[in-house]
Amino acid sequence: ARGSGGGGARAAKRGDPLPPSPLNPAPPLLRAPIPRSARHTPAAAQLRREARARAPWEGQAREQGCMAGKKKIGAQLVRLLSQAGTGFFYVKKRNPKKNPVKLEMMKYDPVVRRHVLFREAKMK
C-alpha cells in the first residue's frame, strides 16, 4: 500500500542511461579500463591515440589553451590604513582593472573612537 506497485524493482527514471546493447553502445568513458599489466604496451598506446582521435574537443582545447591558460587577475586584497596614526586597518577587495585609483574612504577607527580617513596601503 506504500507505492504504486512494481514489486520492489526500482523503476527507471527519465535521467537514467539505457543499458549498453548493440543498438546503444556504451560511451567511451564507461568501457572497461585497460588492465594494469597491459597499460604500457604499444597496443595500449595505439588505443589511447584512437580514443583521442574520437574525442576531438580534447585536442582542440589543449591546442587553443582553453584548459590551463593564463590566469586572469581579478579582485585583489588591499589594506586600508587609518590616517590617524593608530595602526588600525581594514582589509577590502579591489579590482585594479575596474578601479585603477587607490582607495580612500572614511571609516570608523575604534582606537580614536571616531570616523577618520583610511587610505590604501600595501598588504604585508
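## A walk through a four-stranded sheet

Let's start with a single residue: Met105, which lies in strand 3. Keep in mind as you look around that this is a predicted model. Is Met105 buried, exposed or something in between? Met105 counts as partly exposed, because its relative accessibility is 24%, and the buried class needs a value under 20%.

Who does Met105 touch? If you set aside its neighbours within four places in sequence, Met105 is in contact with Leu80, Lys92, Val116, Leu117 and Phe118. Pick out Phe118 from that list. Met105 stands opposite Phe118, which belongs to strand 4. The two are 13 residues apart in sequence, yet their C-alpha atoms are 5.4 Å apart in space.

Now zoom out to the whole chain. You'll find two helices and four strands in the protein chain, and reading along the sequence gives the pattern α-α-β-β-β-β. Of the 124 residues, 10% count as buried. The chain exposes about 11,300 Å², with carbon and sulfur atoms supplying 57% of that area. As for contacts with a separation of 6 or more, 33% of them come from residues 24 or more positions apart.

How are the strands arranged? The four strands make an open sheet in the order 2-1-4-3, with antiparallel pairing. At the edges sit strand 2 and strand 3 (104–109), each of which pairs on one side only. Going from one strand to the next, the twist averages 40°. If you're new to sheets, here is the basic idea: strands pair through backbone hydrogen bonds, either parallel or antiparallel.

Let's cross the sheet in that order, beginning with strand 2. Strand 1 (residues 76–82) pairs with strand 2 over six bridges, in the antiparallel sense. Look for Gln76, which stands opposite Arg94 of strand 2, and for Leu81, whose bridge partner in strand 2 is Phe89. These two strands form a hairpin with six residues between them. In the turn of that hairpin, Gly85 has a positive phi of about 80°.

On to the next pairing. Strand 1 and strand 4 also run antiparallel, joined by four bridges. Here Leu80 has Glu120 as its bridge partner in strand 4, while Arg79 is partnered by Ala121.

That leaves the pairing that takes us back to Met105. Strand 3 and strand 4 are antiparallel and joined by six bridges. They form a hairpin too, with four residues between the strands, and in it Arg113 takes a positive phi near 60°.

Next, the charged side chains. How many salt bridges turn up in a search of the whole structure? There are two. One of them links Arg94 and Glu120, whose closest N and O atoms are 3.0 Å apart. Arg94 lies in strand 2 and Glu120 in strand 4 (residues 114–121), so this pair ties together parts that are 26 residues apart in sequence. Are these two partners buried or exposed? Arg94 is buried, with a relative accessible area of 12%, and Glu120 counts as buried as well, at 14%.

The other salt bridge is formed by Glu104 and Arg119, with the closest N and O atoms 2.6 Å apart. Since Glu104 is in strand 3 and Arg119 in strand 4, the pair ties together parts that are 15 residues apart in sequence. Glu104 counts as partly exposed at 48% relative accessibility, and Arg119 is partly exposed too, with a relative accessible area of 36%.

Last stop: the surface. Which residues form a nonpolar patch there? They are Leu77, Phe89, Val91 and Met123, and together they have about 350 Å² of accessible area. You've already met Phe89, the bridge partner of Leu81. Phe89 is found in strand 2 (residues 89–94). With a relative accessible area of 34%, Phe89 is partly exposed. That is enough for the patch, because its members need over 30% relative accessible area.

Definitions and conventions:
Residues are numbered from 1 along each chain as its sequence is written. This is a predicted model: local features need pLDDT of at least 70, side-chain atom pairs count only at pLDDT 80 or more; totals for chains, interfaces and linings use all residues. Side-chain values use heavy atoms; hydrogens and water are left out. Patches are made of residues with over 30% relative accessible area and no salt bridge: like charges are joined within 9 Å, nonpolar side chains (Val, Leu, Ile, Met, Phe, Trp, Tyr) within 5 Å. Accessible areas come from the Shrake-Rupley method with a 1.4 Å probe; for residues, only the protein chains shown count as cover. A salt bridge is a side-chain nitrogen of Lys or Arg within 4 Å of a carboxyl oxygen of Asp or Glu. Buried means under 20% relative accessible area, exposed over 50%, partly exposed in between (1.4 Å probe, protein chains only). Two strands pair if DSSP finds at least two bridges between them. Axes are lines fitted to C-alpha atoms, for helices over the stretch in contact, and angles run from 0 to 180 degrees between N-to-C directions. Contact means heavy atoms within 4.5 Å.
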